[in-house]
Structure formats: structure tokens, C-alpha cells
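Trainee: I am new to this structure and would like a close look at a single part, followed by a walk through some of the other parts.

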Amino acid sequence: MGELMKQFPSLVKLFLVLIMINNFSYSQNIERSEVPLKFKWDNSILYTNIDEWNIDKKLLESEIEKLKYFNGKMKNNSYVFYKTLRTYFDAYKLYYKISDYAFRLSDEDLRIGANQSLNQQATNLGTQLGEAASFINPEILSIEKNTINKFFNEKNQLSEFHFYVNDVLRMKEHTLSENEEKVLASAGLITTTMNEVYSIFDNAEKTNPPVKLSTGEEIELNGASYSKYRTSENREDREKVMNVMFTEGYRKYQNTFGANLAGKIRADYFYAKNRKYNTVLEQSLDVNKIPVGVYTNLVDQIHKNLPTLHRFLKLKAKMLGVDQLHYYDLYASMVKNVDFTFSIDEGQNLLLEVFKPMGEEYVSTVKRSFDERWIDYVPTKGKSSGAYSSGAAYDFHPFILMNWTDDFESLSTLAHELGHTMHSYYSNKNQPFVNAQYATFVAEIASTINETLLNDFMVKKAKNDEEKLYILGTYLDLMRSTIFRQVSFAEFEWEIHKRVENNEPLTGEEMSKIYFEIVKKYYGHDSNICIVPDYVAFEWAYIPHFIGYTYYVYQYSTSLIYATALAEKIVKEGQPAIDRFYNILNGGSSDYPIELIKKAGVDPLSSEAFDIAISKMNSVMDQIESILDKK
Ligand SMILES: [Zn+2]
């Protein structure tokens, strides 16, 4: 998400997700010129040289000028209304092509200054376009609804923009007068301060507490060293690391962190109230017209299924060989690492097998992505790190950046990114540009289904119990951290907002109390399933999402739950379930995410998806237990 904001500043549809990032480490030893052509993406389909790119850049600049001409005139008649939207979305589409080329080219080798300059020029064009288009939504909102209906009746070509315009109009009751809007907008200068304070204090000014490990080595605890050493095989080390991190690193400053976070929560409420929402939750979900019931259902269902988390925790204790599990044991691996190796060719062939349940159409498109060089695989000197899929070039095909290192993580990352790529490819193909890009709430479903299929495949094809345990155990850890941990965060976030909305005091100390109670409940502290030490109460201050985002993290959990349910249906039912799933793949943002998910075969307001995901988790535990029993 952060990346997205940087690349596409202040455009109208900020909720759109173009680039999905997954990070992993790799080594870059070779130059790009040494990589075989078949492992490099072919971005020459966009432009064969910079001159061509510059021609489009000039064209876009003149379109941006044209767009400014329509400012204040949209209400005049249906023709101007249409022309404004046409000009804007055509320019937007062109901007995506121009920037996709610039960003992909610069990611190939960040050391090349000329490409960085293209990147910079593209970013500037995005800002100019965003500024030039900023009149459009307010102007649509200022026109009488009857007049807009008349425009749509008069001009058939407008139908393409029907969903977009209606979605803008949906915000009418939450939009204020021009002057009030100006005041709200300028408040942004103040209300973003808390996030800045957090990041400066947490990353730079707060002292990193030192810790002496069992090896005698003395380390300083920052975010990176903490996440490394909390996984330590040595139990005393991981206890010490977590204890020092939260006691010295956060408890000491809980009132500072608390006052700052409370400020952010009050700012959230300031906007919600002024925009005539009862709660911040209502406002946040309303951006994508998600009913509050989706959130409450998530929390209720997870509460109901805590016994499954507790079963996992007991299994984890057994596999780690500890009598009593503690919170600091959660990150220790319960399975032995297995060194799978896959060359790129092997990985491609394997994924074509893995995706078979998705049907021939899907597999043939994945094969095209390999044959037509949509993917850049090899880590090279100066190449951008991590992995992503970009579906910005609407009339072309998506691109995937990888840093392939021949291991299972590479394979699983490619499966994930291919999910985003297929989603973008089919949405671009089936929707007009204005409706092509999908919302965050559905963005991780296709990618997660692919990872699920890969896991199932690897379990089936495992050569021995060791391999099987590794895949199953890793999968369980993912479910623990993505489903249960994220919902515990979602509950904390909800609880602290409620305090402010009910006019109750909210301090760092109070936040620690709230957080501690939630974590104890989730991890079965009172029934000795997993002991949660006192210092875990301060963990909330370590999680940057609470201050950086508003009601965002719950989507990690819903995505995995819906994807698990949809994957199960696809595997069990075959074609009818595949056909339904294409409602998401083809759907872009042609409807609200909740409707697309319903059409795909899962109702986010019911318990079905949860029942399926939880029973899957139980069946994975059954499989692990039967392997352990054999031993
Ligand atoms: Zn993703």
C-alpha cells in the first residue's frame, strides 16, 4: 500500500491496488546482460525506445491541459459531462502505460540514472494529472441528481461511467460545502503528524535496548533484530529478546506512544463525525461499501473458533517439546527446515500442474505469461528487491518482478504474484478501463488461492514425512499469524476507537490493559494453553499499522479465509465453482467487492467461509498428528 501511494499520488481512485509487494531476501551477483532472454520480461511491447515514450509523454501533457478546460463546465450538458470523463480516463490509462514502462525499466537496474529520471518524470505526470482532475468528483457531487440522470438518458456512451459516477454520488450525504471541505483538507497537515512522530521516535530516537545472547554475543534490539531473534531455537534467548524488547523498548515509553496513538484515533473520529458517520469503522468500510456486519462477523466467528487456535497451540507445544507453551515460543519453528530446490524451468512446469484445478483457460494464460515473457526472474546487480505484479498497462499484459533463488519461497511467491497477474489480466480484458482495477478487499484472494493450491500440491507430492511436515507446519503458522493474530489486532483497533467515540479517556496505560486482555483471551492464558507474560501488554506500541492505517489489517484475515473457502470449493466442485470465481477475476471494480465475493460463491456475512477455513486448519492438524503418531 505504501508503495502505491508514492507512485500514484492524489489520483481519484486511491483505493485501487496496482502493485502487490512481497519481500524476501536474495543475492544479486550477475549483470542483467548475462541473463538469458527468456528469463527477462519483454517491456518492448510498451515502447521500443525512449523517443516513442517521449511522444506519449507529450500527448499526455496536452491531454492534461485539455482536461483543465472542463473545470466548472461539467454541469453544462451531457456532452461536456461525458467529454470530461472520457478525457480524464483516457489520460489516466495513458499515464498508466507511460508510468508502467518507466517504473519497470528503472526497476531493472536502479543504478541507471537515465531510467531513474524517466521514473521521476512519470511520477510528476501522475501528480499533474491528479491535480488537473481534482475538480471532477466535487463537480459531480454539486450537480442535481435529476440532471445527472438526464445526462445518462441522453448520452448512451456515458453508460461506461455509470458505476463510477454512482459511486461518487453515494458520497453526497458525506460531502460538505466547498469551504468546509477546504477546512477538512487543510486539517490533513495536522492529522498526519502522529504517524510522523511514531516513525521518527520508533525508528530513530528511541534507544534500542541491548541484549546478551546465550552465545555471549551482545545485540541491539530494533525491529529487524527482534524479528530475527524471536525465532531463535534457544528458548532462553527468545524469552529474553521478547522480554527486553517490550519491557525496555516499549513499556518505558507507553504513555508517549499512547498519547500519540490516542491523538490519531481522535483525528480519525474528527473526520468520521464531520463526514456524518457514527463511527470510524462505518466510515472506513463505507469507502468500498462494506457493511459493518462483515467486521463484526469476522470478530464473532474468530471468537467462536478460538478452540481451534488452542488446539494448534497445544500441538505447537508438543512439537517444540515444551511442557508449557509461552507467548515467546510462538515464532520458534515447529518443523525442521527442508531445502527444496527448483530451477525456474522446474518451477514453471510445476505451477502449470498446480493450477490444473483452476481449469484449462487459467492454465493456458499462465503458460502465456511464461512463453511471452511477462516475468522478470533473475536477481541481478542493481535490480529492485522483492517481488510484485503490475497490471497497469491496460491494453497490454501485466508484468511480474521476481528475485528467483531456486527455493520454495521463490516458487510460492511466483504462485502468489501470478494470482495478481491473472486477476489484472482478466479484469483488464473484460472491463472498461474505468472499472478495471480491483479494490484492496478482493486483491489478495486470487493470489492466496494460488498459494493454497501450491501447498496442497506439495503435500500430495511430498517424498517423505519430513517434507510433508514442513509444508503443513509452515501453513499452520501462516493461519495462526494471518487469521488469528490479525483479528486480535482488528479487535484492539476497534476497542480503542470505541473508547474515543464514547468519550472515554484513552491513555497508553489503558491501551496496554485492553491489548493484554485481548491477547490473553485469544491465546487461552487463563486455561494455561499459552502463558502470556505481562510484558506482552506493550506489544501494541510495536505494531506500526495501528498508527499508519485505519481498519486495514482485518483484510489480511478476510482474504485468507475467503480464499481458503473458494479454493476448497474449486477443488471439490470443479467447473461450476471455477465459473463463479471468474466473477472476481473478470470483475475488476465493476461492482462492490462484497458483491463480487458473493457472486464468487462465499457470503462474507455468513459463517460458511469460516467453517471451511477452520475445518481445513483442523484437517492439517489431523495430518500432522497422524505423522507424529507413526514416529
Ligand atoms: Zn499479494
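Which residues in α4 are buried?

Mentor: Please keep in mind that this is a predicted model. In α4, the buried residues are N115, L118, N119, A122, T123, L125, G126, L129, G130, A132 and A133. The helix itself covers residues 113-133, and because each of its 21 residues should add 1.5 Å, a span of 30 Å is expected, which agrees with the 30 Å between its end C-alpha atoms.

A similar check can be made on helix α23, residues 554-573, where 20 residues reach 28 Å from the first C-alpha to the last, close to the 28 Å expected at 1.5 Å a residue. Of the 20 residues of α23, 15 are buried, so this helix is largely enclosed by the rest of the structure. Just after α23 comes G574, which takes a positive phi of about 70 degrees.

Burial also matters for reading helix α2, residues 50-69, where D56 is found. With a relative accessible area of 13%, D56 is buried, and once its neighbours within four places in sequence are left aside, the residues in contact with D56 are Y47, L94, K97 and I98.

From single helices we can turn to a pair. Helix α20, residues 465-501, packs against helix α26, residues 608-630, at an angle of about 145 degrees, and their axes lie 10 Å apart. The crossing in which α20 passes α26 is left-handed. On the α20 side the residues that meet α26 include L469, L472, Y475, L476, M479 and F484, while on the α26 side those that meet α20 include I614, M617, V620, M621, I624, I627 and L628.

Last comes the metal site, where the zinc ion is coordinated by NE2 of H416, NE2 of H420 and, listed twice, OE of E444, at 2.1 to 2.6 Å. Read along the sequence, these donor residues follow the spacing H-x3-H-x23-E. The two histidines, H416 and H420, both belong to helix α18, residues 408-430, and because they are four residues apart in that helix, about one helical turn separates them. H416 and H420 are both buried. As for the geometry, the four donor atoms around the zinc ion subtend angles of 52 to 141 degrees, and the arrangement is therefore irregular; four donors would count as tetrahedral only if all angles lay between 85 and 135 degrees.

Note on methods:
Residues are numbered from 1 along each chain as its sequence is written. This is a predicted model: local features need pLDDT of at least 70, side-chain atom pairs count only at pLDDT 80 or more; totals for chains, interfaces and linings use all residues. Side-chain values use heavy atoms; hydrogens and water are left out. Donors are N, O and S atoms within 2.8 Å of the metal (3.2 Å for Na, K and Ca); water is not among the atoms, so sites may look incomplete. Four donors count as tetrahedral if all angles lie between 85 and 135 degrees; four count as square planar and six as octahedral if opposite donors are over 155 degrees apart and all others between 65 and 115; anything else is irregular. Buried means under 20% relative accessible area, exposed over 50%, partly exposed in between (1.4 Å probe, protein chains only). The expected span of a helix is 1.5 Å times one less than its number of residues. Axes are lines fitted to C-alpha atoms, for helices over the stretch in contact, and angles run from 0 to 180 degrees between N-to-C directions. A crossing is left-handed if the near helix is turned anticlockwise from the far one by less than a right angle, and right-handed if clockwise. Contact means heavy atoms within 4.5 Å.
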